[in-house]
Amino acid sequence: MSTDAPRSHRDLKVWQISLDLTETLYRVTADWPKHEQFGLISQVRRAAVSVPANIAEGAGRRTAGEFMHFVGVARGSLAELETLLAVARRLDYIEEPVFRSLSEDLFELGRMTTGLLRTLEERR
């Protein structure tokens, strides 16, 4: 492991950005219909929290292989979020510009997690 390796998950840009996205999604879903409280709102929030939580959990593991597993789970949650937000857009819960911005954020996080996976693979 190189000397410039992150000391903790808090040092990882992908964790920081995914935490920002989680906060944004909590705020966005606050305006959704109350009848979705235990449906789509809950699912979006759970999937959003799963991204930084799995990155943090993976970073706390002992091996690069274990870390890779949790980054893979985080990537799955990003794909889930993409689908849930597409449903929300179709139901007019979010406006097109907000949806586009969130989709761009998800794409960027997907790119970043792929980069993290490559880095971890090199450490194995």
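## Fold and second largest pocket

From the N terminus on, the elements of this predicted model run α-α-α-α. The chain has four helices and zero strands, where helices (H or I, at least four residues) and strands (E, at least two) are DSSP runs numbered from the N terminus. Residues are numbered from 1 along each chain as its sequence is written. As the model is predicted, local features need pLDDT of at least 70 and side-chain atom pairs pLDDT 80 or more, while totals for chains, interfaces and linings use all residues.

Values for the chain are as follows.

| Property | Value |
|---|---|
| Box of C-alpha atoms along the principal axes | roughly 50 × 25 × 20 Å |
| Buried residues (under 20% relative accessible area, 1.4 Å probe, protein chains only) | 40% of the 124 residues |

The radius of gyration of the chain is 15 Å, which agrees with the value near 14 Å for a compact globule with 124 residues. This radius is taken over C-alpha atoms, and the globule rule is 2.2 Å times the number of residues to the power 0.38.

The second largest pocket is lined by Arg-75, Leu-78, Ala-79, Glu-82, Ser-103, Leu-106, Phe-107, Gly-110 and Thr-113. Helix H3 (64-90) and helix H4 (96-123) are the elements that give two or more residues to this lining, and H4 gives the most, with five. A pocket is an open set of points on a 1 Å grid over the protein atoms alone where a 1.4 Å probe fits, with protein on both sides within 12 Å along at least five of seven lines; lining residues have an atom within 4 Å of a point.

Technical notes
Side-chain values use heavy atoms; hydrogens and water are left out. Buried means under 20% relative accessible area, exposed over 50%, partly exposed in between (1.4 Å probe, protein chains only).
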